[in-house]
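Dear colleague,

I am handing over a structure that I would like you to look at before we talk. Please open it first, and then read the notes placed after it.

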Amino acid sequence: MPGQPESQPSQLRKPIFIVGVGRSGSTVFQAMLSEHPNLAWLSALTGRLPDRLWATRLWMRAIDLPLVGSRLCRVIYPGECFDFWEHHVPGFSAPCRDLVAGDVTERTKQRLRRLLPQVLTERRNRLLVKLTGWPRIAFMREVFPDARFIHLIRDGRAVVNSMLNVDWWWGWRGPQNWRWGELTQAQQQEWEAHDRSFVALAAIEWKLLMDAFEQASESVDPGSYLEVTYKDLCSAPLELLQQVTTFCDLPWSPAFERSLTSYRLRNTNDKWQRELTPSQQQTLEEVLAPYLERYGYARSR
């Protein structure tokens, strides 16, 4: 490595967590924010070597090398790294309910506080993590009290349609075998009222998770929690990322701005209207109706 060897920060200061329901656009949002030169992030390398975070730190240094760094970013890129989390916190990746402060053991707290600073470099001295599914906000805040949480929200109709088009959606197994716990009596009745439609079940899942996020957000100070939308990310990415960097206490630079202009975003929130039948669309909007109104999404009919 050219120049003087870098020192490694010993503590994790204000880690940044991107959270949200899966299929909400968090992958591209994470990719864009990870362009920031002061952010370190987890990747497939972290998952493959969960006990050797020095390898992730070396990668963070490598991508800052002149000329070759930008090419290296195309080889290994940011990810959720649930393999890493599951290795160190068994049950973390697919619990039957949200993880809360009371689930944090002293062993987990000390282990994560010792491990995660190991990925930081002198330049990349802030950590960016993405977690989808359950919020896990109260859990992470118990470990890192000064953490920042960015909740990316997307139109529930678009999320449901996307869920139905991935082979890893567990709803096909029925609510007795999925990841989100047993349905309440009201949720079961709603599902039955729509002939146990998988469209309805995916919509119930979105509502269930959005309720969990609303409850989890109450456990953090307003200054530590920010809600942004996929729609705004697509329509005004620079403005939204400026809001995010301000919230995270990250400097804005011309180089960071230039890196963001390479992303070409297109809002695909309306795909559900083309890919679902009229009957399925009606079911979807009936199940989501009060939540669409709550989050400011107009019904199509």
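What follows is a description of two pockets and then of two residues.

Please keep in mind throughout that this is a predicted model.

I begin with the largest pocket, which has a volume of about 720 Å³. Its lining is made up of 37 residues, and those closest to the centre are Gly22, Arg23, Ser24, Ser162 and Trp168. Several helices and one strand contribute at least two residues each to this lining, namely helix 1, strand 3 (126-132), helix 8 (156-163), helix 10 (198-217), helix 11 (230-235) and helix 14 (271-275). Among these, helix 8 provides the largest share, with four residues. If you are thinking about the chemical character of the lining of the largest pocket, it divides into 15 nonpolar, 13 polar and nine charged residues.

The second largest pocket holds about 540 Å³ of space. Here the lining consists of 21 residues, and Glu35, Ser70, Cys73, Arg124 and Ser259 are the ones that lie nearest the centre of the second largest pocket. Two or more residues of this lining are given by helix 4 (69-72) and by helix 13 (254-260), and the largest share, three residues, belongs to helix 13. By class, the lining of the second largest pocket comprises ten nonpolar, six polar and five charged residues.

Turning to single residues, I would point you to Ser34, which sits in the loop that runs between helix 1 (26-33) and strand 2 (39-41). Is Ser34 buried or exposed? Its relative accessible area is 9%, and because the limit for a buried residue is under 20%, Ser34 counts as buried. Once residues up to four places away in sequence are set aside, Ser34 touches Trp41, Pro78, Arg124 and Leu128. Of these contacts, Arg124 is also listed among the residues nearest the centre of the second largest pocket.

The other residue is Thr245, which is found in helix 12, a helix that covers residues 237-247. Thr245 has a relative accessible area of 2%, so that it too is classed as buried. Which residues does Thr245 contact, leaving aside its neighbours within four places in sequence? They are Leu33, His36, Leu250, Trp252 and Phe256.

With best wishes

How values were computed
Residues are numbered from 1 along each chain as its sequence is written. This is a predicted model: local features need pLDDT of at least 70, side-chain atom pairs count only at pLDDT 80 or more; totals for chains, interfaces and linings use all residues. Side-chain values use heavy atoms; hydrogens and water are left out. Buried means under 20% relative accessible area, exposed over 50%, partly exposed in between (1.4 Å probe, protein chains only). Contact means heavy atoms within 4.5 Å. On a 1 Å grid over the protein atoms alone, a cavity is a set of points where a 1.4 Å probe fits but cannot get out, and a pocket is an open set with protein on both sides within 12 Å along at least five of seven lines; lining residues have an atom within 4 Å of a point. Grid points are joined across faces, edges and corners, and a volume is the space filled by probe spheres set on the points. Ala, Val, Leu, Ile, Met, Phe, Trp, Tyr, Cys and Pro count as nonpolar, Asp, Glu, Lys and Arg as charged, and the others, Gly among them, as polar.
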